[in-house]
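Good morning, everyone, and thank you for making the time. I would like to walk you through one chain, slowly, so please keep the picture in view while I talk.

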Amino acid sequence: MFCSQCGKEYIDGSKFCPSCGYNLESSSSSKSNESASPILQEDLLSVKSKEKSLAVAGLINIALIGAGYFYVGKYIWGTILLIAAILSFIYAPEMLLALFVLATIGSIYAAHRHNKKLMENLLNSNKKNKT
Ligand SMILES: [Zn+2]
């Protein structure tokens, strides 16, 4: 059998996927439940491919403060932080560290929200298809 979550093979009768820990018993029981339409593997993969890496969103701010927001697609926030960083570089360099921390935490959170929204959209569209 193959895990419906990660696609790796597992031994028949296993309760959990040895690769990703997915509860295999709940997946097999939901398959028999016709009211719940399963999320297509290709839809899940397309969502996964659009997801943003939280590590990249945070670390990219080392290169350029605010870059994490650009990476996630929050261009207004990215621009505001970048301008703030340039101004603080000229007038108040002691503020740069605070801006960097703000940008890093903010970008990671923005990436997390971005990923969450993608998954919610997938689940919502899955519900609509059902009706
Ligand atoms: Zn798995």
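**Surface, contacts and fold**

Let me begin with a single lysine, K117, which is exposed, with a relative accessible area of 55%. Before I go further, please keep in mind that what you are looking at is a predicted model. K117 is found in helix α6, which covers residues 96–130, and together with K74, R113 and K116 it forms a positive patch on the surface.

A second patch has another character. I83, I86, L87, F89, I90 and Y91 make a nonpolar surface patch of about 690 Å². If you look for Y91, you will find that residue in helix α5, which runs over residues 75–91. Is Y91 buried or exposed? Its relative accessibility is 66%, and since anything over 50% is called exposed, Y91 counts as exposed.

Now let me step back to the chain as a whole. There are six helices and zero strands, so if you read along the sequence you meet the pattern α-α-α-α-α-α. The chain has 131 residues, and buried residues make up 24% of them.

One of the residues in the buried class is S107, which sits in helix α6 and has a relative accessibility of 0%. Because the buried class takes in everything under 20%, S107 belongs there. How far apart in space are S107 and I60, C-alpha to C-alpha? In sequence they are separated by 47 residues, but in space the distance is 9.2 Å.

We can follow the same kind of reading for S46, a residue of helix α2, which spans residues 41–50. With a relative accessible area of 29%, S46 is partly exposed. Between the C-alpha atoms of S46 and L122 there are 9.8 Å, although the two residues lie 76 residues apart along the chain.

A third example is Y22, which has its place in the segment before α1, the helix of residues 24–32. Y22 counts as partly exposed, at 24% relative accessibility, and its C-alpha atom is 8.3 Å from that of C6, a residue that is 16 positions away along the chain.

Let me turn next to contacts between side chains. How many salt bridges does the count come to? It comes to one, and the partners are E51 and K48, whose side chains meet with a distance of 4.0 Å from N to O. Both partners fall in the middle class of exposure: E51 is partly exposed, with a relative accessible area of 25%, and K48 is partly exposed as well, at 47% relative accessibility.

For aromatic rings, the count comes to two pairs. One of these is made by F70 and Y75, whose ring centres are 5.9 Å apart and whose planes stand at 50°, so the pair is described as tilted. The reason for that word is that planes under 30 degrees apart would count as stacked and planes over 60 as edge-to-face, while the rest are tilted. The two residues of this pair are in separate exposure classes, because F70 is partly exposed at a relative accessible area of 28%, whereas Y75 is exposed at 52%.

To close, I would ask you to find the two surface patches on the picture for yourselves, beginning with K117 in the positive one and Y91 in the nonpolar one.

Key: Residues are numbered from 1 along each chain as its sequence is written. This is a predicted model: local features need pLDDT of at least 70, side-chain atom pairs count only at pLDDT 80 or more; totals for chains, interfaces and linings use all residues. Side-chain values use heavy atoms; hydrogens and water are left out. Patches are made of residues with over 30% relative accessible area and no salt bridge: like charges are joined within 9 Å, nonpolar side chains (Val, Leu, Ile, Met, Phe, Trp, Tyr) within 5 Å. Accessible areas come from the Shrake-Rupley method with a 1.4 Å probe; for residues, only the protein chains shown count as cover. Lys and Arg count as positive and Asp and Glu as negative; His and the chain ends are not counted. The place of a charge is taken as NZ of Lys, CZ of Arg, CG of Asp or CD of Glu. Helices (H or I, at least four residues) and strands (E, at least two) are DSSP runs, numbered from the N terminus. Buried means under 20% relative accessible area, exposed over 50%, partly exposed in between (1.4 Å probe, protein chains only). Rings of Phe, Tyr and Trp (its six-membered ring) pair if their centres lie within 6.5 Å; planes under 30 degrees apart count as stacked, over 60 as edge-to-face and the rest as tilted.
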